[in-house]
Amino acid sequence: MELPKVGSIGEYIRDQRQQAKISLRQLATQAGVSNPYLSQIERGLRKPSAEILNQIAKGLRISSQALYVQAGLIDDREPDSDVLAAIRADQELSERQRQVLLDIYESFRKENQAEAAAEAERTSQNAQPGPEPSGTDTVPPEEGVAPSRIGRGQSEPKEG
């Protein structure tokens, strides 16, 4: 499931601003853009650049990726899991709460992926044969049988 679609990026920004209970003027100040320019974006008269979207996302305290996807600048490449879809669809949560939950969930997934990769690396290292011994061509002796070859400088143990 994708992000909830609205008519335009401007409507989406307005919806997020209203959910965050921030005035147009406050968001303009926080984002570092002029009040009239932000108003034009919200009304669909101007199409903001990626940099302006990034500033607006910071002002709204939401993911800039969410705005990029909404604006059509990037594709939402990874299909949502049921958990992500449920978090995004929950209207009882504020956008900030949804984003925090999404960030935590994603951090857990990345941590688990890193652990799985490390475990796979350890498993593959244990499965690989070790380096061949250098020097003599000795074969491990059978129990109770003396070795057939002895390396240089070594002598057979004497019984006695």
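Tutor: Before we start, one term: a residue is buried when its relative accessible area is under 20%, exposed when over 50%, and partly exposed in between. Keep in mind that this model is predicted.

Student: Okay, are arginine 98 and glutamate 95 buried or exposed?

Tutor: The two side chains meet in a salt bridge, 3.2 Å from N to O. They sit 3 residues apart in helix H7 (residues 95-127), so about one helical turn separates them. As for arginine 98 and glutamate 95, the cut-off is under 20%, and both count as buried.

Student: Which residue forms a salt bridge with arginine 109?

Tutor: Start with the general idea: side chains of opposite charge can pair when their charged atoms come close. Here the closest N and O atoms are 3.5 Å apart. The partner lies in helix H7 too, 3 residues from arginine 109, or about one turn of the helix. That partner is glutamate 106.

Student: And is glutamate 106 buried or exposed, or partly exposed?

Tutor: Arginine 109 has 26% relative accessibility, so it counts as partly exposed. For glutamate 106 the relative accessible area is 23%. Since that value falls between the 20% and 50% cut-offs, glutamate 106 is partly exposed.

Student: Which residues are joined into one network by salt bridges that share partners?

Tutor: Let's take one pair of that network: glutamate 42 forms a salt bridge with arginine 14, and their closest N and O atoms are 3.6 Å apart. This pair links distant parts of the chain, with glutamate 42 in helix H3 (residues 35-42) and arginine 14 in helix H1, 28 residues apart. Add the shared partners and the network consists of Arg14, Arg17 and Glu42.

Student: How does glutamate 42 count, buried or exposed?

Tutor: Its partner arginine 14 has a relative accessible area of 26%, which makes arginine 14 partly exposed. Glutamate 42 has 5% relative accessibility. Because the cut-off is under 20%, glutamate 42 counts as buried.

Student: Within what arc do the buried residues of H1 fall?

Tutor: Helix H1 covers residues 9-19, and its buried residues are Ile9, Gly10, Tyr12, Ile13, Gln16 and Arg17. Look down the axis of H1 and you'll see that these buried residues line one face of the helix, because they fall within an arc of 160°.

Student: Which residue with a positive phi follows H1?

Tutor: Go just past the helix, which spans residues 9-19. There you meet a residue whose phi is near 60°. That's lysine 21.

Conventions
Residues are numbered from 1 along each chain as its sequence is written. This is a predicted model: local features need pLDDT of at least 70, side-chain atom pairs count only at pLDDT 80 or more; totals for chains, interfaces and linings use all residues. Side-chain values use heavy atoms; hydrogens and water are left out. Buried means under 20% relative accessible area, exposed over 50%, partly exposed in between (1.4 Å probe, protein chains only). Helices (H or I, at least four residues) and strands (E, at least two) are DSSP runs, numbered from the N terminus. The arc is that of the directions from the helix axis to the C-beta atoms. A salt bridge is a side-chain nitrogen of Lys or Arg within 4 Å of a carboxyl oxygen of Asp or Glu.
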